[in-house]
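Student: I should like to learn how to read the contact surfaces of a model. May we begin with the structure itself?

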Amino acid sequence: MTQFSRHSKLIQFSFFVAVFLILSFTIEPSENNLLWRLPAYLAGVPAIVNDSVEYMMFDWMPIEKYNEEIEDFEETPLLKEITRSISGAILFCIQLIREILLGGVKTIVAFTSWDYVQDNSWAHWPALPWTVVSAAAIVLGYALNGIWLAMLACFATIYIAVFGQWEPAMETLSFVMVAAPLSVLLGLIFGVLAYKSQTLEAILAPLLNIAQTMPHFSYLVPVTVFFGLGDHAGAIATVIFATPPMIRLTLLGLKSVSPEVIEAGIMNGCNKYQLLFRVLIPSERHQILIGVNQVIMQCLAMAVIASFIGAKGLGFNLLLALNQLRIGQALELGICIVLIAVVLDKLSLGWANKQIDYFADLTFAQRHKYPLILVAILVVGTVLAYLGTFIFKDGINYFYLIPHNQGITTENFWQSGVDWMVNNWYQGLQGFNKGLIINVLVPMKNAYLGMPVSATFFLVMGLGYIVGGARSALIVGGFLLFIAMTEWWDRALITAYMTTFGVIVSVIIGMVVGSLCAQNSLATKAILLVCDTFQTFPSFIYLIPVIMLFGVTDTSVLIAVIVYATIPSTRYTVEGLRNVPRTLQDAGTMSGVNRMQRLVTIELPLAFPHIVLGINQTVVFALFMVIIGAMIGTDDLGQLILKALSDKNGTGNGLMLGLCVAFIGLAVDHLILRWSADRKKALGLL
Amino acid sequence: MRKFKNKLVAGIFALILTAMAGQAMAKDSSKPIRIPTHNWSSQVVMAYVIGGIFESLGNNVEYVPADSQAVYEAIRNGDVTISHEVWQSTFGKSFYNAMAKGGLIDAGTHSASTLEELGVPHYVVEKNLCPGLPNWEALKNCAEVFATADSGGKGRILEGPQSWHGDLMPNRIKALGLGDKFVVKFAGSADAIWAELAAAKKEGRGIITFNWTPNFTDADGFDFIEFPPYQDGCRIADGGDGSCGSPKGWLKKAANYKFPKTHPAAYSAFSKLSFTTAQIGQMAALVDTEKLSHQDAAKKWLADNEAVWMAFTK
């Protein structure tokens, strides 16, 4: 072994490739050949998972409970009662915010009863007029971050109102305003606990890895089984999706607080809690902020998926519009989602960056300027809405709520744009589509499916060995072994083929575009804005035009994948290049390199470890999109995950399939992180 | 005296009877009836139509967006009260699965008969792209009309997601001896089928897709392929060779088992409720062709068809 590891990495790699090729060509493809495909030892697991979930939810520890609807006692399992109470609490919060924004009766019902509300017509909570919400958002924007944020908030709210999307937007907002704080809170709690306890950190680490790489489709079914269908289920699925990055960033932040700061805190006589809240958390504010930013982005990225399990709002309307192929309408809805994301993000950033001025000597009016303005806005808005009832006679009060069919729309414009695209580009793209499918995609897919399982193991574990020694080889081998022992190995190979193709193209595009944009600070800002936009812009919208141009084919899926997965590779390239130490750049310039040489020989190699982290993210993004590609039509793991939504064994199948996808991601993740860390050390960047 | 006693007994009996009748006609609970909305127009409009009927009976109604396959599990658990469009071949399996587990009841059938089958847009027949259609035997001679880049020279048949009817179509194509001329591609969602249909129409090219009626595509004309007629036991799952076409299917309604007890009046209306193909088509057309919003379409339909729906509430 020592003999072997002394050879250079290249020779090792060639050796593994050679063995891989020999194995590939010599092993007989037959179902009974262990070297070709492993038997599905784990095929029974989904049913077991399913049965245990069913047992826990519907039979375990039944309690007697009086049901007033059917006026009888009925047996109901304990766990179901517990999860339903959680659902109820979350739903109550969502309803409360929603009714403050849009009006309604459910909050009153929660304290009285439906009968009471029916008998008392006054028991109806009025909505905040849209003018009040908009003005409040503008004032808040101004208070937190000045005139620019105020203008952004103004544009966003007026856009939403004018395009008649006020109601769905507020519905989405109400569930985000519950899911996002909950995620931040849970993230902080778990992050702090993991910081305190090594054991918890060790337990959390793999769970976080899985949660971040598992496609969200796969836990929709379990969430509905445990928590039911509705806004609360959407919120819970969103929390599962949005919390992991928050935990990670909190932990990262706490760990990076320098010991001097902690000692200073202790010397000043802080107790445990003061140390945490007055010293640790304030000094790692920056990481927490990035966490909050990520949570908000994740929450809005889930807006559409959450509507699969009952979340009302923009996401649901978007799916409905797409089903009628009304792309223009879907686009307007998508822009609303992006606008809400951007405004919330900037508001939370502004709020967190606001420094409290402890020394200012202010009068009551000065100190409470903004709350007073908000009260004034509320009064003025309400009066305006009341006057509106006299001005608008046709039953629609434009000063109160603009119903969603009364706004203006640019639908026809976008629609004709799509029509134009299809009419003019279709013919030209057919040649490209055909060529790509026949010459690249089909051969590549067949090559992946033609790999014997033993050869795949040899190659991947070999790569693991080169990168991180025997330990890495065993880790990635373990991930593969799990997938190989399910009955979905072939499906996983198809997922792997599409992901590989998507990642290669995305990385090339991302690195080229990123390198170009990083040369100029304005272009850097612009491209980062584009990245943010596309990250929250619901990918479902571009699925439809893509299908119209490329049909239900792998090309369509891959184009969607590339659009989405190019985001992280671009972002990390830009960040990596911009963060190359100024001194090194200057040193290069003084040694007489030109701009191009500096980029290729100094900046790119130095930025490469960071870019590799981007590639890691690209893999995760590509996997996600390949799975969503099942909505177009694929024959990989994604199709089965989609199918699990209606399966008898949906819970078990969904989770197992999700794990398969997660393990593909984690195997790649392990290799890349390991390599990048070694490389950074070698370059002296750590 | 004896007579009086008899009268008294009769009177008490009558009182008990009316009391019992009163019990049976108990007032509906004021808790809202939760109606699911899925992602196609006729279903959403009908949800608002049924909601409107319930509201006219004094019930509270709430609409819950839900996945059309996951909804049956939700009805079973009581998270959703009813489902009003249970298509036989697409949702039959989920429906019966949930019913077997308990908690979901069959609330009757619409009079609309449905057909869920492979077919071609009307222009394919009109332009005679494949002479002999809609008879299936015509397919033997024009696979290339329906070929696509990834079909390897064979004709491509675009089937719905695999969750809808598993391998039914691939098996049928094989059983009919078309296996070496056609491949079946599973689309990922109904949207994907509509997008392909729209693109194919723009280009005027031949396309075979899975589709159903009543549907909004009826307006543009869609011809279902006439496969060998369906008989009991002709499918592979029932022991046949699987070569037969789809049966004229039912469109059922489902409800949570508590619904008849909690909302007897609403349940009675819901179980009587039955729409025809034409009525469902009208509802979809109000949205798809007249571009009304779903709520407005439902309001308009209820106003225009009062005689139809009032009968259900009697």
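**Contacts between domains and between chains**

Tutor: In this predicted model, 14 residues of domain 2 of chain A are in contact with 18 residues of domain 3 of chain A. Contact here requires C-beta atoms, placed from the backbone, within 7 Å.

Student: Which elements give two or more residues to the side of domain 2 of chain A that touches domain 3 of chain A?

Tutor: Two helices are to be named, H3 (45–58) and H4 (78–102) of chain A. H4(A) gives the most to this side, with twelve residues. By class, the residues of this side of domain 2 divide into ten nonpolar, two polar and two charged.

Student: Where do the bounds of the domains of chain A fall?

Tutor: Domain 1 covers 7–48 + 439–683, domain 2 covers 49–119, and domain 3 covers 130–412. Between domain 2 and domain 3 of chain A, the C-alpha centres lie 26 Å apart.

Student: How many residues of chain B are in contact with chain A?

Tutor: The same reading applies between chains. On chain B there are 49 such residues, in contact with 52 residues of chain A. The elements of chain B that give two or more residues to this side include helix H2 (41–56), strand E2 (61–65), helix H4 (88–101) and helix H8 (190–203). H8(B) provides the largest share, ten residues.

Student: What is the division by class on the side of chain B that touches chain A?

Tutor: That side of chain B has 19 nonpolar, 16 polar and 14 charged residues.

Conventions:
Residues are numbered from 1 along each chain as its sequence is written. Chains are lettered from A and ligands numbered from 1 in the order in which they are written. This is a predicted model: local features need pLDDT of at least 70, side-chain atom pairs count only at pLDDT 80 or more; totals for chains, interfaces and linings use all residues. Two residues are in contact if their C-beta atoms, placed from the backbone, lie within 7 Å. Helices (H or I, at least four residues) and strands (E, at least two) are DSSP runs, numbered from the N terminus. Ala, Val, Leu, Ile, Met, Phe, Trp, Tyr, Cys and Pro count as nonpolar, Asp, Glu, Lys and Arg as charged, and the others, Gly among them, as polar. Domain bounds come from an automatic or database domain assignment.
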